[in-house]
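Open your viewer and get ready to select residues by number. Each stop says what to pick and what is there.

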Amino acid sequence: MAESKIIVVMGATGAQGGGLARAILADKSGAFKVRAVTRNPQSEKARALAALGAEVVAGDSDKPESLLPAFKGAYGAYCVTNYWEVFSVEREQAQAKAQADAAKAAGVRHVIWSSLEDTRKWVPLSDNRMPTLQGKYKCPHFDSKGEMDAYFREKGLPLTIFLTSFYWENFIYFGMGPKPGPDGTLAFALNMGDRPLSGIAAEDIGRCALGIFKKGSEFIGKTVAIAGEHVTGAEMAATLTKVLGRTVKYNAVSNDVYRGFGFPGADDLGNMFQYYHDFNDYFCGIRDVKASRALNPELQNFETWAARNAKLIPLG
(Lines give C-alpha, C1' and ligand atoms only; values in the text may rest on other atoms or scores of the structure.)
Protein backbone atom coordinates (compact mmCIF):
# COMPACT_ATOMS: atom_id res chain seq x y z
CA MET A 1 0.00 0.00 0.00
CA ALA A 2 1.33 3.44 -0.94
CA GLU A 3 2.23 5.79 1.88
CA SER A 4 -0.42 8.37 2.71
CA LYS A 5 0.26 11.81 1.27
CA ILE A 6 0.45 14.76 3.64
CA ILE A 7 -2.13 17.53 3.29
CA VAL A 8 -1.27 20.76 5.09
CA VAL A 9 -4.49 22.20 6.46
CA MET A 10 -4.44 25.88 7.37
CA GLY A 11 -7.09 27.09 9.76
CA ALA A 12 -7.31 23.53 11.05
CA THR A 13 -9.24 24.52 14.17
CA GLY A 14 -11.68 26.71 12.20
CA ALA A 15 -14.80 25.87 10.23
CA GLN A 16 -13.34 25.09 6.80
CA GLY A 17 -9.96 23.71 7.84
CA GLY A 18 -11.49 21.73 10.66
CA GLY A 19 -14.02 20.22 8.28
CA LEU A 20 -11.27 19.13 5.90
CA ALA A 21 -9.09 17.75 8.69
CA ARG A 22 -11.95 15.63 10.03
CA ALA A 23 -12.92 14.51 6.53
CA ILE A 24 -9.38 13.26 5.86
CA LEU A 25 -9.19 11.56 9.26
CA ALA A 26 -12.51 9.79 8.63
CA ASP A 27 -11.62 8.73 5.07
CA LYS A 28 -11.25 4.96 5.00
CA SER A 29 -9.09 5.01 1.88
CA GLY A 30 -6.16 6.37 3.88
CA ALA A 31 -4.97 8.25 0.79
CA PHE A 32 -4.01 11.30 2.83
CA LYS A 33 -2.93 12.25 6.31
CA VAL A 34 -3.50 15.56 8.03
CA ARG A 35 -0.89 18.09 9.04
CA ALA A 36 -3.01 20.53 11.00
CA VAL A 37 -1.46 23.99 11.27
CA THR A 38 -2.56 26.14 14.18
CA ARG A 39 -1.17 29.03 16.20
CA ASN A 40 -1.82 27.10 19.40
CA PRO A 41 -1.24 23.33 19.23
CA GLN A 42 -2.32 23.07 22.87
CA SER A 43 -5.81 24.45 22.29
CA GLU A 44 -8.77 22.20 22.98
CA LYS A 45 -9.64 21.93 19.28
CA ALA A 46 -6.04 21.19 18.31
CA ARG A 47 -5.75 18.48 20.95
CA ALA A 48 -9.01 16.96 19.71
CA LEU A 49 -7.59 16.71 16.18
CA ALA A 50 -4.40 15.15 17.52
CA ALA A 51 -6.48 12.58 19.42
CA LEU A 52 -8.13 11.63 16.12
CA GLY A 53 -4.73 11.05 14.51
CA ALA A 54 -3.78 14.41 13.01
CA GLU A 55 -0.21 15.69 13.06
CA VAL A 56 -0.64 19.07 14.76
CA VAL A 57 2.09 21.64 14.16
CA ALA A 58 2.58 25.27 15.13
CA GLY A 59 2.30 27.83 12.38
CA ASP A 60 1.06 31.41 12.13
CA SER A 61 0.20 33.13 8.85
CA ASP A 62 1.16 36.44 10.46
CA LYS A 63 4.69 35.00 10.83
CA PRO A 64 5.61 33.73 7.35
CA GLU A 65 8.83 32.06 8.52
CA SER A 66 6.77 29.78 10.79
CA LEU A 67 4.96 28.26 7.80
CA LEU A 68 8.00 26.91 5.95
CA PRO A 69 8.57 23.93 8.28
CA ALA A 70 4.82 23.23 8.32
CA PHE A 71 4.65 22.94 4.51
CA LYS A 72 7.89 20.99 4.04
CA GLY A 73 7.40 17.54 2.53
CA ALA A 74 3.66 17.98 1.96
CA TYR A 75 1.83 16.78 -1.14
CA GLY A 76 -1.07 19.20 -0.84
CA ALA A 77 -2.13 22.33 1.02
CA TYR A 78 -5.49 23.83 1.86
CA CYS A 79 -4.97 27.59 2.12
CA VAL A 80 -7.63 29.65 3.86
CA THR A 81 -7.88 32.99 5.66
CA ASN A 82 -10.51 34.45 7.98
CA TYR A 83 -11.30 38.11 7.37
CA TRP A 84 -13.75 38.15 10.30
CA GLU A 85 -10.95 37.34 12.71
CA VAL A 86 -8.84 40.33 11.68
CA PHE A 87 -11.27 42.82 10.01
CA SER A 88 -8.37 43.94 7.82
CA VAL A 89 -7.95 43.38 4.09
CA GLU A 90 -4.26 44.21 4.33
CA ARG A 91 -3.63 41.65 7.07
CA GLU A 92 -5.76 38.97 5.42
CA GLN A 93 -3.91 39.44 2.14
CA ALA A 94 -0.53 39.29 3.87
CA GLN A 95 -1.63 35.98 5.40
CA ALA A 96 -2.71 34.64 2.01
CA LYS A 97 0.63 35.64 0.47
CA ALA A 98 2.51 33.92 3.30
CA GLN A 99 0.61 30.70 2.62
CA ALA A 100 1.17 30.89 -1.14
CA ASP A 101 4.87 31.61 -0.63
CA ALA A 102 5.27 28.67 1.74
CA ALA A 103 3.50 26.32 -0.68
CA LYS A 104 5.77 27.46 -3.49
CA ALA A 105 8.95 27.14 -1.43
CA ALA A 106 7.96 23.64 -0.32
CA GLY A 107 7.11 22.45 -3.83
CA VAL A 108 3.59 21.44 -2.85
CA ARG A 109 1.96 19.53 -5.72
CA HIS A 110 -1.67 20.60 -5.25
CA VAL A 111 -2.88 23.79 -3.59
CA ILE A 112 -6.52 24.58 -2.91
CA TRP A 113 -7.06 28.29 -2.23
CA SER A 114 -10.38 29.00 -0.52
CA SER A 115 -11.47 32.18 -2.24
CA LEU A 116 -14.53 34.26 -3.07
CA GLU A 117 -15.44 36.56 -5.93
CA ASP A 118 -14.04 40.06 -6.22
CA THR A 119 -17.40 41.82 -6.36
CA ARG A 120 -15.85 44.90 -8.00
CA LYS A 121 -15.85 42.96 -11.28
CA TRP A 122 -19.65 43.21 -11.17
CA VAL A 123 -20.07 46.43 -9.17
CA PRO A 124 -17.16 48.81 -9.90
CA LEU A 125 -16.28 51.46 -7.36
CA SER A 126 -17.94 54.06 -9.59
CA ASP A 127 -21.28 52.20 -9.30
CA ASN A 128 -23.36 53.78 -6.56
CA ARG A 129 -25.97 51.06 -6.30
CA MET A 130 -24.06 49.96 -3.18
CA PRO A 131 -21.70 52.04 -1.04
CA THR A 132 -17.94 51.79 -1.39
CA LEU A 133 -16.35 50.61 1.87
CA GLN A 134 -12.90 51.45 3.25
CA GLY A 135 -12.39 53.65 0.20
CA LYS A 136 -11.69 50.82 -2.26
CA TYR A 137 -13.98 47.83 -1.75
CA LYS A 138 -17.61 46.97 -2.24
CA CYS A 139 -17.51 43.78 -0.17
CA PRO A 140 -14.19 43.68 1.67
CA HIS A 141 -14.28 40.06 2.84
CA PHE A 142 -15.05 38.93 -0.72
CA ASP A 143 -12.87 41.38 -2.63
CA SER A 144 -9.87 40.68 -0.40
CA LYS A 145 -9.81 36.99 -1.29
CA GLY A 146 -10.74 37.45 -4.94
CA GLU A 147 -7.87 39.90 -5.37
CA MET A 148 -5.46 37.24 -4.06
CA ASP A 149 -6.35 34.75 -6.82
CA ALA A 150 -3.86 36.49 -9.08
CA TYR A 151 -1.08 36.16 -6.50
CA PHE A 152 -1.60 32.40 -6.19
CA ARG A 153 -1.66 32.08 -9.99
CA GLU A 154 1.43 34.24 -10.48
CA LYS A 155 3.34 31.92 -8.15
CA GLY A 156 2.87 29.17 -10.73
CA LEU A 157 1.33 26.91 -8.12
CA PRO A 158 -0.57 23.73 -9.09
CA LEU A 159 -3.77 25.48 -8.08
CA THR A 160 -7.48 24.92 -7.61
CA ILE A 161 -9.43 28.07 -6.74
CA PHE A 162 -12.26 27.01 -4.46
CA LEU A 163 -15.35 29.21 -4.14
CA THR A 164 -17.48 28.47 -1.11
CA SER A 165 -20.99 29.58 -0.13
CA PHE A 166 -22.87 31.03 2.84
CA TYR A 167 -22.27 28.79 5.88
CA TRP A 168 -25.53 27.67 7.44
CA GLU A 169 -23.55 27.67 10.70
CA ASN A 170 -23.96 31.45 10.60
CA PHE A 171 -27.38 30.74 12.10
CA ILE A 172 -25.58 29.25 15.12
CA TYR A 173 -22.33 31.14 15.63
CA PHE A 174 -22.59 34.48 13.84
CA GLY A 175 -25.80 35.76 15.37
CA MET A 176 -27.78 35.52 12.13
CA GLY A 177 -30.33 32.99 13.40
CA PRO A 178 -33.96 33.64 14.30
CA LYS A 179 -34.63 35.96 17.24
CA PRO A 180 -37.88 36.67 19.07
CA GLY A 181 -39.72 39.87 18.22
CA PRO A 182 -41.95 41.91 20.59
CA ASP A 183 -44.71 39.29 20.31
CA GLY A 184 -42.29 36.38 20.81
CA THR A 185 -42.42 35.23 17.19
CA LEU A 186 -39.05 34.14 15.88
CA ALA A 187 -37.71 35.90 12.79
CA PHE A 188 -34.50 36.42 10.84
CA ALA A 189 -33.69 39.11 8.31
CA LEU A 190 -31.87 39.15 4.98
CA ASN A 191 -31.84 41.66 2.15
CA MET A 192 -32.35 38.88 -0.40
CA GLY A 193 -35.98 39.50 -1.34
CA ASP A 194 -37.33 36.29 -2.85
CA ARG A 195 -34.03 35.24 -4.42
CA PRO A 196 -32.36 31.99 -3.32
CA LEU A 197 -29.21 32.02 -1.21
CA SER A 198 -26.45 29.53 -2.04
CA GLY A 199 -25.54 27.85 1.22
CA ILE A 200 -23.64 24.89 2.59
CA ALA A 201 -22.79 23.10 5.82
CA ALA A 202 -19.26 24.00 6.90
CA GLU A 203 -18.26 20.36 7.25
CA ASP A 204 -19.32 19.75 3.65
CA ILE A 205 -16.82 22.36 2.48
CA GLY A 206 -14.08 20.16 3.89
CA ARG A 207 -15.55 17.04 2.34
CA CYS A 208 -15.74 18.72 -1.07
CA ALA A 209 -12.12 19.84 -0.72
CA LEU A 210 -11.11 16.26 0.04
CA GLY A 211 -12.97 15.20 -3.11
CA ILE A 212 -10.84 17.65 -5.11
CA PHE A 213 -7.59 16.36 -3.61
CA LYS A 214 -8.67 12.80 -4.39
CA LYS A 215 -9.17 13.70 -8.05
CA GLY A 216 -5.51 14.71 -8.25
CA SER A 217 -4.56 16.73 -11.29
CA GLU A 218 -8.11 16.81 -12.70
CA PHE A 219 -8.92 20.09 -10.95
CA ILE A 220 -5.52 21.79 -11.14
CA GLY A 221 -5.84 25.05 -13.04
CA LYS A 222 -9.60 25.15 -12.48
CA THR A 223 -12.08 27.05 -10.36
CA VAL A 224 -14.56 24.94 -8.41
CA ALA A 225 -17.61 26.53 -6.78
CA ILE A 226 -19.74 24.59 -4.30
CA ALA A 227 -23.12 24.72 -2.58
CA GLY A 228 -25.35 22.33 -0.68
CA GLU A 229 -28.56 23.96 -1.85
CA HIS A 230 -29.96 27.26 -3.14
CA VAL A 231 -32.71 28.22 -0.68
CA THR A 232 -34.92 31.30 -0.37
CA GLY A 233 -35.47 33.06 2.92
CA ALA A 234 -39.08 31.87 2.95
CA GLU A 235 -37.98 28.28 2.37
CA MET A 236 -35.43 28.51 5.18
CA ALA A 237 -38.07 29.94 7.50
CA ALA A 238 -40.44 27.05 6.68
CA THR A 239 -37.70 24.51 7.34
CA LEU A 240 -36.68 26.16 10.63
CA THR A 241 -40.33 26.24 11.69
CA LYS A 242 -40.49 22.49 11.05
CA VAL A 243 -37.29 21.48 12.84
CA LEU A 244 -37.54 23.92 15.77
CA GLY A 245 -41.22 23.35 16.44
CA ARG A 246 -41.80 27.11 16.64
CA THR A 247 -42.98 29.55 13.99
CA VAL A 248 -40.08 31.26 12.24
CA LYS A 249 -40.63 34.18 9.87
CA TYR A 250 -38.35 35.62 7.22
CA ASN A 251 -38.12 39.40 7.09
CA ALA A 252 -37.01 40.59 3.66
CA VAL A 253 -35.49 43.96 4.53
CA SER A 254 -34.02 46.59 2.25
CA ASN A 255 -30.31 46.82 1.52
CA ASP A 256 -29.98 50.05 3.49
CA VAL A 257 -31.83 48.62 6.49
CA TYR A 258 -29.52 45.62 6.62
CA ARG A 259 -26.40 47.75 6.23
CA GLY A 260 -27.66 49.88 9.11
CA PHE A 261 -28.12 47.07 11.62
CA GLY A 262 -25.02 48.27 13.42
CA PHE A 263 -23.15 45.09 14.25
CA PRO A 264 -19.49 44.90 13.14
CA GLY A 265 -19.40 44.19 9.41
CA ALA A 266 -23.11 44.89 8.81
CA ASP A 267 -22.29 47.15 5.86
CA ASP A 268 -20.01 44.48 4.36
CA LEU A 269 -22.64 41.76 4.76
CA GLY A 270 -25.39 44.04 3.51
CA ASN A 271 -23.39 44.60 0.34
CA MET A 272 -22.70 40.87 0.13
CA PHE A 273 -26.36 39.92 0.25
CA GLN A 274 -27.15 42.66 -2.26
CA TYR A 275 -24.51 41.16 -4.55
CA TYR A 276 -26.08 37.71 -4.08
CA HIS A 277 -29.47 39.20 -4.96
CA ASP A 278 -28.49 41.40 -7.89
CA PHE A 279 -26.30 38.76 -9.56
CA ASN A 280 -28.26 35.73 -8.41
CA ASP A 281 -28.25 33.88 -11.72
CA TYR A 282 -24.45 33.98 -11.84
CA PHE A 283 -23.88 33.25 -8.17
CA CYS A 284 -26.22 30.26 -7.94
CA GLY A 285 -25.36 29.12 -11.46
CA ILE A 286 -21.63 28.66 -10.85
CA ARG A 287 -22.27 26.87 -7.53
CA ASP A 288 -23.43 23.57 -8.97
CA VAL A 289 -25.09 21.38 -6.34
CA LYS A 290 -24.88 18.27 -8.51
CA ALA A 291 -21.14 18.79 -9.08
CA SER A 292 -20.67 19.45 -5.36
CA ARG A 293 -22.40 16.16 -4.56
CA ALA A 294 -20.12 14.36 -7.02
CA LEU A 295 -17.18 15.58 -4.92
CA ASN A 296 -18.96 14.84 -1.65
CA PRO A 297 -21.68 12.16 -1.73
CA GLU A 298 -22.61 13.07 1.88
CA LEU A 299 -23.60 16.62 0.84
CA GLN A 300 -26.43 17.96 3.01
CA ASN A 301 -29.30 20.16 1.94
CA PHE A 302 -30.61 22.84 4.27
CA GLU A 303 -33.33 20.71 5.83
CA THR A 304 -30.92 17.87 6.61
CA TRP A 305 -28.44 20.30 8.14
CA ALA A 306 -31.13 22.12 10.13
CA ALA A 307 -32.59 18.90 11.52
CA ARG A 308 -29.14 17.75 12.66
CA ASN A 309 -28.28 21.11 14.23
CA ALA A 310 -31.61 22.37 15.55
CA LYS A 311 -30.55 22.10 19.19
CA LEU A 312 -27.48 24.28 18.53
CA ILE A 313 -29.41 27.22 17.05
CA PRO A 314 -29.77 29.89 19.77
CA LEU A 315 -33.27 31.32 19.98
CA GLY A 316 -32.61 34.13 22.44
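The tour goes from a sheet to charged pairs and ends at a surface patch.

This is a predicted model, where local features need pLDDT of at least 70, side-chain atom pairs count only at pLDDT 80 or more, and totals for chains, interfaces and linings use all residues. Residues are numbered from 1 along each chain as its sequence is written, and side-chain values use heavy atoms, without hydrogens and water.

**The sheet.** Select β8 (179-180) and β13 (248-252), the edge strands. They belong to an open sheet of three strands, ordered β8-β9-β13, with mixed pairing. (Strands are DSSP runs of E, at least two residues, and helices are runs of H or I, at least four, numbered from the N terminus; two strands pair if DSSP finds at least two bridges between them.) Now add β9 (residues 186-190), which runs antiparallel to β8 and is joined to it by two bridges. K179 stands opposite A187 in β9.

**Salt bridges.** The structure holds 18. Each is a side-chain nitrogen of Lys or Arg within 4 Å of a carboxyl oxygen of Asp or Glu. Select R287 and E117: their side chains meet at 2.8 Å, N to O. The pair ties together parts that are 170 residues apart in sequence. R287 is buried, at 0% relative accessible area. (Buried means under 20%, exposed over 50%, partly exposed in between, with a 1.4 Å probe and protein chains only.)

Next, pick R207. One salt bridge goes to E203, at 3.3 Å. Another goes to E298, at 3.9 Å. E298 is exposed, at 54%.

**The last stop.** Select F261, in the loop between α10 (255-259) and α11 (266-278). F261 is partly exposed, at 40% relative accessibility.
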